[in-house]
Amino acid sequence: MAMEFKCVIQDELGIHARPAGMLAKEAKALGDTVVSVTKGDKTVKASQLMKLMGLGVKKGDEVTVTVEGGDEAAALDAMKAFFKNNFAAEV
Amino acid sequence: MVLIQGKGVSKGVVRGPLYFFQRPNYDIPKTKVADLDAEKARVVEAREKSSAQLYVLADKCREEAGEESAVLFETHAMFCDDDDYVEAIETMLNDESCNAEYAVKEAGEQFAAMFAAMDDAYMRARSADVKDVTQRILNNLMGIAEGGIDSEEPVILCADDLAPSETLQLDKSKILGFALTAGSSNGHTAILARTMGIPAICGLGAELKETLQGRMAYLDGETGKVVLDPDNLTIQTFKDKMEKQKKFKELMAEMKGKEDVTLDGRHINVYCNIGNPDDVTAVKNNDGQGIGLFRSEFLYLAETDYPSEEKQFQAYKKVAAAMDGKRVIIRTLDIGADKQVEYFHLKKEENPAMGVRAIRICLNNPDVFRTQLRALYRASAYGKVAIMFPMITSVWEVKECKRACEKVMAELKAEGIPFNEETEIGIMIETPASIFVAPELAEEVDFFSVGTNDLTQYTLACDRQANDLGKFFDAHHPAVLRALKMAADAAHEKGKWIGICGELGADLSLLETFLAIGIDELSVSPSAVLPLRDAIRKSIAKTCTLDALKC
């Protein structure tokens with residue numbers, strides 16, 4: 001059963017190169033858990049750096065972050081913290 | 001005269017020959033190959049080599065251009081290993097049975113096109129990142145060295161745009177300036193040019209063509225002009241500007257490392273005002289002797305909820321450690337008035353400059369205050385931190401602040417967390433009330449720092465946000481300067497020191513007055529440090545007069 005949370009990105013530049021790289025790295029480090037990011041009708045895996053940037057998430061956009069497999073609760077917490085710290089997201 | 005107009009993105013005037021950047025030839029033919037596995041192995045090898053090179057570049061960048069650009073190269077390195085990118089290359093190889101070079105080029109173009117089509121300027125600029133990474137992998141596949149400058153004398157480097165890695169790998173001693181036909185002020189070349197202090201213009205367009213190779217030109221990175229065959233008047237304008245710039249540079253180079261001392265031996269501490277930890281680079285580049293005002297608001301303004309103790313601690317620690325034992329005065333939050341933050345839920349006030357702001361918020365919300373003080377004291381173990389409270393009007397406020405500090409210190413001690421018990425405590429002098437009770441305030445604290453903007457606003461009853469006050473808003477008003485002197489006398493009477501951290505501190509026309517008053521420290525923006533030092537070193541403190549205090 002996948003778990004998810006919604007948040008609004010507050011960072012001035014949205015999910016841009018630098019934090020996107022950090023997010024991809026963080027998502028890969030979660031091992032068994034697959035993290036995906038959805039904006040509107042597009043969903044990409046958080047580990048897919050270029051596609052992630054290709055979502056074009058800007059300040060004020062709402063995204064849904066989904067974690068599936070592995071220790072989902074822990075992954076969810078880690079992702080919440082990451083979005084809060086790096087995208088100034090309202091989780 | 002030929003004038004090519006672009007957008008100036010990094011200041012400075014230079015004269016030199018135009019030189020068009022030579023890139024290796026990227027005309028890549030598509031060939032059929034039999035051994036696909038061998039091609040795949042070549043791609044893997046080239047990708048690995050590229051990512052290794054990029055990590056080396058990132059390290060180099062950390063030293064030359066700072067953290068921001070370094071992380072960019074790390075992101076590039078991750079591009080090399082990006083699942084989709086790798087998959088696109090492999091799909092191309094499988095579908096077309098083609099050579100590795102062609103597959104890499106095609107995959108790179110696909111992704112670059114994706115970014116180029118986005119409706120956001122920042123994201124469009126990322127298309128250059130993909131191209132840069134792709135070129136690097138191609139270079140490694142074909143065994144081609146990076147493009148360079150094949151010229152003995154320094155040149156004005158012309159290109160469509162330079163990839164970040166190209167800019168960084170160029171021999172800086174050969175580059176007088178950058179003239180780009182494309183590019184943007186947000187582009188990496190512009191950012192790197194500014195960091196390295198090399199004049200640059202972007203968006204010069206098709207007029208800057210390769211047939212101009214070798215022609216002498218003037219480049220003005222401020223006005224965005226490239227000029228060939230200038231007329232006499234234009235030559236003179238450029239020459240004057242270059243002369244001024246040269247003198248300024250010489251002066252600055254001469255001032256670096258010098259003491260902030262007057263001809264008759266009076267020492268002044270010249271510190272810097274900063275707004276976030278990244279500004280420390282500018283402080284160091286300009287040889288600031290400490291930080292006289294580190295505004296902590298950035299931590300609160302950027303957030304949607306109160307910043308955690310840990311987050312604050314990391315920011316303060318970073319600055320304290322980076323300043324290497326030099327004094328770092330951190331001001332507790334100065335929210336309210338013109339700086340509003342939603343989650344503070346401040347009531348709408350008719351007159352916020354006189355409302356619940358700064359220290360008043362802290363004293364009304366002990367938990368918010370405690371979190372910040374804990375972070376500050378924890379950071380005090382990593383450098384010479386001093387804590388400063390803004391908007392003080394009464395002695396009881398300072399006593400309450402000090403009690404809060406003592407409580408926090410007792411907590412940290414009980415928890416076994418290191419901190420400096422001798423951490424200096426100071427207050428901002430920015431209200432007339434604080435001037436009138438300055439003698440008593442001086443007994444309570446280690447130092448005063450005058451916020452001249454607010455002191456002027458409150459002393460003259462002139463709203464600093466109002467634009468139409470004109471001649472009535474006068475920071476040189478004798479009342480403001482007399483207030484300064486009263487505060488200084490009160491501080492010195494008690495053996496304490498006094499500084500100025502408002503905009504007035506950098507006002508060289510008042511330096512004489514400050515010296516006569518006996519100001520001990522001036523905290524200014526980093527770029528104002530060296531001009532101020534120059535002025536201090538030409539002054540004689542004992543002949544300075546208080547004439548400006550007369551009406």
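Arg42(B) and Glu101(B) meet side chain to side chain in a salt bridge, with N and O 2.7 Å apart. Arg42(B) sits in helix 1 (residues 36-64) and Glu101(B) in helix 4 (residues 100-116), so the pair ties together parts of chain B that are 59 residues apart in sequence. The two ends of this bridge have their own surroundings: Arg42(B) is partly exposed at 28% relative accessible area, whereas Glu101(B) is buried at 11%. Keep in mind that this is a predicted model.

**More salt bridges**

Searching the whole structure turns up 28 salt bridges over all chains. Here are three of the pairs, all from chain B.

| Pair | N to O distance | Apart in sequence |
|---|---|---|
| Arg42(B) and Glu101(B) | 2.7 Å | 59 residues |
| Lys241(B) and Glu222(B) | 3.4 Å | 19 residues |
| Asp287(B) and Arg533(B) | 2.8 Å | 246 residues |

Take Lys241(B) and Glu222(B), which form a salt bridge with their closest N and O atoms 3.4 Å apart. This one links distant parts of the chain, with Lys241(B) in helix 8 and Glu222(B) in the loop between strand 7 and strand 8 (225-228). Lys241(B) counts as partly exposed at 28% relative accessibility, and Glu222(B) also counts as partly exposed, at 46%.

Then there's the bridge between Asp287(B) and Arg533(B), where the closest N and O atoms are 2.8 Å apart. Asp287(B) is in the loop between helix 9 (280-285) and strand 10 (291-295), and Arg533(B) is in helix 20 (residues 529-537). Both of these residues are buried.

Salt bridges also join up into a network, made of Glu309(B), Glu310(B), Arg370(B), Arg374(B), Arg378(B), Glu411(B) and Glu415(B).

**Charges without a bridge**

Glu397(B) is worth a look: it is buried yet has no salt bridge. The nearest side chain of opposite charge is Arg360(B), 4.9 Å away, and a salt bridge needs a nitrogen and a carboxyl oxygen within 4 Å, so this pair doesn't make the cut. Glu397(B) belongs to helix 14 (residues 395-415) of chain B. Setting aside neighbours within four places in sequence, Glu397(B) is in contact with Leu363(B), Met391(B) and Ile392(B).

Out on the surface, Asp240(B), Glu243(B), Glu250(B) and Glu254(B) form a negative patch. Asp240(B) is in helix 8 (residues 232-255), the helix that also holds Lys241(B). Asp240(B) is partly exposed, with a relative accessible area of 43%. Patch membership calls for over 30%, so Asp240(B) qualifies on that count.

**An exposed loop residue**

Ala206(B) lies in the loop between strand 6 (200-202) and strand 7 (216-220). With a relative accessible area of 73%, Ala206(B) is exposed. The C-alpha atoms of Ala206(B) and Asp160(B) are separated by 9.3 Å, with their positions 46 residues apart along the chain.

**Chain B as a whole**

Zooming out, chain B has 20 helices and 16 strands. The chain runs to 551 residues, of which 51% count as buried. Its accessible surface comes to about 24700 Å², and 51% of that belongs to carbon and sulfur atoms. How much of the contact list in chain B joins residues at least 24 apart, among contacts between residues at least 6 apart in sequence? The figure is 68%.

Technical notes
Residues numbered from 1 in each chain as written. Chains lettered and ligands numbered in written order. Predicted model: local features only at pLDDT ≥ 70, side-chain atom pairs only at ≥ 80, totals over all residues. Heavy atoms only, no water. Patch = residues over 30% accessible without salt bridge, like charges linked within 9 Å, V, L, I, M, F, W, Y side chains within 5 Å. Areas by Shrake-Rupley, 256 points an atom, 1.4 Å probe, with all protein chains shown as cover. Lys, Arg positive; Asp, Glu negative; His and termini not counted. Charge placed at Lys NZ, Arg CZ, Asp CG, Glu CD. Helix = DSSP H or I, 4+ residues; strand = E, 2+ residues; numbered from the N terminus. Buried < 20%, exposed > 50% of the residue type's maximum accessible area, 1.4 Å probe, protein only. Contact = heavy atoms within 4.5 Å.
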